[in-house]
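Work through the exercises below with the structure open. Try each task before you read its solution.

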There are 2 protein chains.
Amino acid sequence: MAILHSYPFCPHSRFARLILAETGLATELVEEKPWERRIPFLEMNPAGTLPVLVDDSGLAVPGARGIAGYLDDVQGEGLNGRRLLPQNIAQRVEVRRLLDWFLGKFHEEVSDYLATEKIYKRFMPAELGGGPPDMGAIRAARTNVRYHLKYIGFLIAQRNWLAGDQMTYADLAAAAHLSVVDYLGDVPWDENETAKEWYARVKSRPSFRALLADRVPGMAPAEHYGNLDF
Amino acid sequence: MAILHSYPFCPHSRFARLILAETGLATELVEEKPWERRIPFLEMNPAGTLPVLVDDSGLAVPGARGIAGYLDDVQGEGLNGRRLLPQNIAQRVEVRRLLDWFLGKFHEEVSDYLATEKIYKRFMPAELGGGPPDMGAIRAARTNVRYHLKYIGFLIAQRNWLAGDQMTYADLAAAAHLSVVDYLGDVPWDENETAKEWYARVKSRPSFRALLADRVPGMAPAEHYGNLDF
């Protein structure tokens, strides 16, 4: 069986879990603590980043974008209407634009700060950067998440899904990154009903269940985290 | 004719120029100063980042990865042996891994610091972050570039090109980002002959000529910058 090396609250790992579940590739999860920089892990992915998929043939596929590309190469055309990177050129451009937005911009401005400060630093040894959270970084992320939520609402006001008529990698990237922020109670859902309705739709998918069952040891999720009708 | 909105010393723009030249898509360059955040530009790419390709049909394709994906979608199979994202699955995985490495990691650790501190800040108004360079950032980048050069040498010691037997997006991404650092004289080529030989090969390609002709107003390039046999 394929193996996904991942960390439960790494937003990129969550994206990989969602797209693997949506495309039906059975995968065993193996937890990797990226801050440990273990040699066998670095041999698989010299950049030391998560996630890494190892397929049945032993091929190591690193990175959220790498795995998305690989799945589309291997399975894409067979998925027909369920393809997460659509066939149409303009739609593919839009999906890639939004992948950059959520895996890049949203990560840098919101989910990386919050995951690192509130979760990772609880478990990292002090000599590797663990310790109390940087409140300045948390405040910045909480401010930034608001315009991202507005942007999601803006797109969903015009379209059924983020990149167009059908669900794509863009929705799963956005929802995966938001899900970490949502666990922490830092998404101001009340500010945008349209974005909230879209998130409830993605969250209700069977592919999302495993994410909703994850827990940070010693830190309960926001009350509505597992609630599909929040 | 297609238009590429770009900035001469933006490393991502340089990557787009190289892959457009290699795949033979005639493109007109239009200079965009990304710090101005002009409304018509943000309408094309809400993220405000460079480069953006506008194709003959008026479709805006933002981002280095977006343009690479678009070119492969539109022209890939027709390019046969000259395809920059090869057909073989394992090779595609390796190209994407190295694209993440150079467009992501190298950019964050080296080329973004140097381009911003030494070039962009000369031309940005003070209220948008312009001014004297941050020497700490420059020193960090100069330290980081050394292990990247070693990594290129390590790969080229085993392979003809960075990702395997043929030249791919990976080589052009690495060379585009290095070219900005090289203009500034900050690549310690003497430390790695293997990496230097590889760069001389990429630099000799006709696609590279336009990059070697670019000049930062008021700042001469390193002496060897335009020299193909440096």
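Contact here means heavy atoms within 4.5 Å. The model is predicted.

**Exercise 1. The interface**

Task: Find how many residues of chain B are in contact with chain A, and what area the two chains bury between them.

Solution:
- Step 1. Count the contacts. On chain B, 24 residues are in contact with 24 residues of chain A.
- Step 2. Take the area. Chain B and chain A bury about 1,800 Å² between them. Carbon and sulfur atoms carry 67% of this area.
- Step 3. Look for the main contributors on chain B. Asp73(B), Val93(B) and Arg96(B) supply 25% of the area that chain B buries against chain A. No other three residues supply more.
- Step 4. Add the charged pairs. There are 4 salt bridges between chain B and chain A. One of them links Asp73(A) to Arg92(B). The closest N and O atoms of that pair are 2.8 Å apart. The cut-off for a salt bridge is 4 Å, so this pair qualifies.

**Exercise 2. The symmetry**

Task: Work out what relation connects chain B to chain A, given the turn and the shift that lay one on the other.

Solution:
- Step 1. Recall the principle. Two copies of a chain are related by a rotation about an axis and a shift along it.
- Step 2. Read the values. A turn of 180° and a shift of 0.0 Å along the axis lay chain B on chain A, with an RMSD of 0.0 Å.
- Step 3. Name the relation. This is what a two-fold axis does.
- Step 4. Check the contact surface. Both copies use the same surface: 100% of the contact residues of chain B recur in chain A.

**Exercise 3. The sheet of chain B**

Task: Give the strand order of the sheet in chain B, then place helix 3 of chain B against the sheet.

Solution:
- Step 1. Order the strands. The open sheet of chain B has 4 strands in the order 2-1-3-4, with mixed pairing.
- Step 2. Mark the edges. Strand 2 (27–31) and strand 4 (60–62) of chain B each pair on one side only.
- Step 3. Find the twist. Neighbouring strands are turned by 20° against each other on average, direction ignored.
- Step 4. Inspect one pair. Strand 1 (residues 2–6) and strand 2 of chain B run parallel and are joined by 5 bridges. Within this pair, Ala2(B) stands opposite Thr27(B).
- Step 5. Add the helix. Helix 3 (residues 64–75) of chain B packs on the sheet and touches strand 1, strand 3 (52–54) and strand 4 of chain B. The direction of helix 3 makes about 125° with that of strand 4 of chain B.

Conventions: Residues are numbered from 1 along each chain as its sequence is written. Chains are lettered from A and ligands numbered from 1 in the order in which they are written. This is a predicted model: local features need pLDDT of at least 70, side-chain atom pairs count only at pLDDT 80 or more; totals for chains, interfaces and linings use all residues. Side-chain values use heavy atoms; hydrogens and water are left out. Copies are superposed by least squares on the C-alpha atoms of residues with pLDDT of at least 70 in both. Two strands pair if DSSP finds at least two bridges between them. Helices (H or I, at least four residues) and strands (E, at least two) are DSSP runs, numbered from the N terminus. Axes are lines fitted to C-alpha atoms, for helices over the stretch in contact, and angles run from 0 to 180 degrees between N-to-C directions. Buried area is the accessible area (1.4 Å probe) that two parts lose on being put together, summed over both. A salt bridge is a side-chain nitrogen of Lys or Arg within 4 Å of a carboxyl oxygen of Asp or Glu.
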